[in-house]
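Thanks for coming. I have one model to go through this morning, so please look at the screen.

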Amino acid sequence: MPYPYVLLSAAVSLDGYLDDTGPERLLLSSPADFDRVDEVRASVDAILVGAGTIRADNPRLLVNSPERRAARVAAGQPEYPLKVTVSGSGDLDPTAKFWHTGGDKVVYTTDKGGERARAAGLAADVVPLGPDLDWRRLLEHLHEVRGVRRLMVEGGGTIHTQLLQQGLADELQLVLAPLFVGTPDAPRLFGPGGYQAGRLRLLETRRIEDVVLMRYEPTAPGAGSLPSAADHHWLSLACDLAALCPPSRTAFSVGAVIVAADGTELARGHSREGDDPVVHAEEAALAKLDPNDPRLPGATVYSSLEPCAHRASRPKPCARLILDAGVRRVVTSWREPDTFVTAADGNGLLTAEGVEVVVLPEYEERAKAPNRHLLG
């Protein structure tokens with residue numbers, strides 16, 4: 001199921017703390033950056049914070065600018081984004097500002113937490129997710145039931161950590177403030193261990209008064225059958241590459257990208273690349289790598305179309321080339337139709353030999369776009 005675009009937003013001290021241990025919240029951002037955050041809030045469909053943030057900071061989470069609220073209404077959106085919180089226990093203060101300002105609110109919790117949250121009489125929809133909190137179910141519900149396409153997550157550190165560890169964060173907007181906290185038991189942005197993010201890609205740096213905004217996106221492929229936010233990025237790129245293919249009446253236009261486990265792009269290719277009128281996308285990408293590259297067994301191949309299992313123009317189909325390269329994970333969006341080969345099943349060939357194949361059907365229409373003339 002598709003998820004919203006998940007944007008993590010936080011400000012930290014130079015030594016990586018979100019706050020100090022004093023009774024009042026430590027203000028890390030500058031006035032101009034608070035205005036930037038307000039602009040980002042106005043651009044999203046929902047804002048999420050954890051129950052701990054509600055208890056510690058008692059935030060309102062509003063779009064403060066009347067002009068931005070008016071622009072949302074003029075665009076057919078609610079005046080304020082949906083406000084979302086997550087609590088396993090359902091132990092939430094019904095008098096907190098969160099519930100009594102802004103527009104609609106929703107609480108995601110467990111089955112037991114749902115009973116407690118409803119008994120508290122919270123001014124919000126209460127959605128139990130089962131015996132345990134499940135971020136993927138939560139994001140699916142936000143997308144499919146609440147219509148959330150862009151989700152801004154403002155903390156706390158535990159939630160940021162979980163979303164990054166599970167490969168569910170599409171972007172991190174981090175503001176670095178020019179001060180030190182230096183208190184070991186103060187809250188930090190991220191907790192230890194188990195990250196799927198690998199090396200993040202820097203998208204932007206911007207000075208805002210005395211703070212610096214840094215925007216990053218995760219690049220590391222997912223693990224096994226569970227897609228990560230980076231899987232969506234790389235498959236989208238493969239679809240973009242398919243649009244670069246020289247047109248053909250006798251072959252599909254396909255794009256492919258090979259990505260190492262740490263998120264490093266190893267190679268890319270597209271159908272009929274260069275001077276070869278019959279080369280396939282995966283074939284073109286693999287040909288750019290040393291077949292003994294030690295990163296290949298841990299890599300993921302992204303292909304806009306299911307890798308071919310049969311072909312007449314080369315001795316080996318792309319599924320076999322992928323197997324020979326030692327790659328153990330493939331992400332694609334569109335099963336090969338019977339246009340040229342009946343009952344093609346490259347995914348089945350790969351799966352039968354132990355490769356994890358992940359299909360993201362939400363990209364199927366993009367993969368088909370440069371091939372409309374072949375589909376009748």
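To place things in a loop I need the elements first: helices are DSSP runs of H or I with at least four residues, strands are runs of E with at least two, and both are numbered from the N terminus. On that basis Arg272 is found in the loop between strand 11, residues 265-270, and helix 9, residues 281-286. Keep in mind that this is a predicted model.

I'll stay with Arg272 for a moment. Its phi is positive, about 60°, although Arg272 is not a glycine. Is Arg272 buried or exposed? With a relative accessible area of 8%, Arg272 is buried, because buried means under 20%.

There is another non-glycine residue to mention here. Asn58 has a positive phi of about 50°, and its place is in the loop between helix 2 and helix 3, residues 66-74. Asn58 has 31% relative accessibility, so it counts as partly exposed.

Now the chain overall. The secondary structure comes to 13 helices and 14 strands. Along the principal axes, the C-alpha atoms fill a box of roughly 70 × 40 × 40 Å. Of the 376 residues, 51% are buried. If you take contacts between residues at least 6 apart in sequence, 69% of them join residues at least 24 apart. The chain exposes about 16,900 Å², and carbon and sulfur atoms supply 52% of that. On charge, there are 40 positive and 51 negative side chains, and the centres of the two sets lie 2 Å apart.

Next, the pocket. The largest pocket has a volume of about 1,200 Å³. Which residues are the closest to its centre? They are Arg25, Thr53, Asp57, Pro59 and Glu154, out of 50 that line the pocket. Several elements give two or more residues to the lining, among them strand 1 (5-12), helix 1 (31-43), helix 2 (51-57) and helix 7 (157-165).

Helix 7 is worth a closer look. Its buried residues are Gly157, Ile159, His160, Thr161, Leu163 and Leu164. What covers them includes strand 1, strand 2, helix 6 (135-144) and strand 6 (150-153).

The backbone on either side of helix 7 also has something to show. In the loop between strand 6 and helix 7 sits Gly156, and the peptide bond from Gly155 to Gly156 is cis, with omega near 0°. After the helix comes Gly167, with a positive phi near 70°.

That is what I have; I'll take questions now.

Key:
Residues are numbered from 1 along each chain as its sequence is written. This is a predicted model: local features need pLDDT of at least 70, side-chain atom pairs count only at pLDDT 80 or more; totals for chains, interfaces and linings use all residues. Side-chain values use heavy atoms; hydrogens and water are left out. Buried means under 20% relative accessible area, exposed over 50%, partly exposed in between (1.4 Å probe, protein chains only). Contact means heavy atoms within 4.5 Å. Accessible areas come from the Shrake-Rupley method with a 1.4 Å probe; for residues, only the protein chains shown count as cover. Lys and Arg count as positive and Asp and Glu as negative; His and the chain ends are not counted. The place of a charge is taken as NZ of Lys, CZ of Arg, CG of Asp or CD of Glu. On a 1 Å grid over the protein atoms alone, a cavity is a set of points where a 1.4 Å probe fits but cannot get out, and a pocket is an open set with protein on both sides within 12 Å along at least five of seven lines; lining residues have an atom within 4 Å of a point. Grid points are joined across faces, edges and corners, and a volume is the space filled by probe spheres set on the points.
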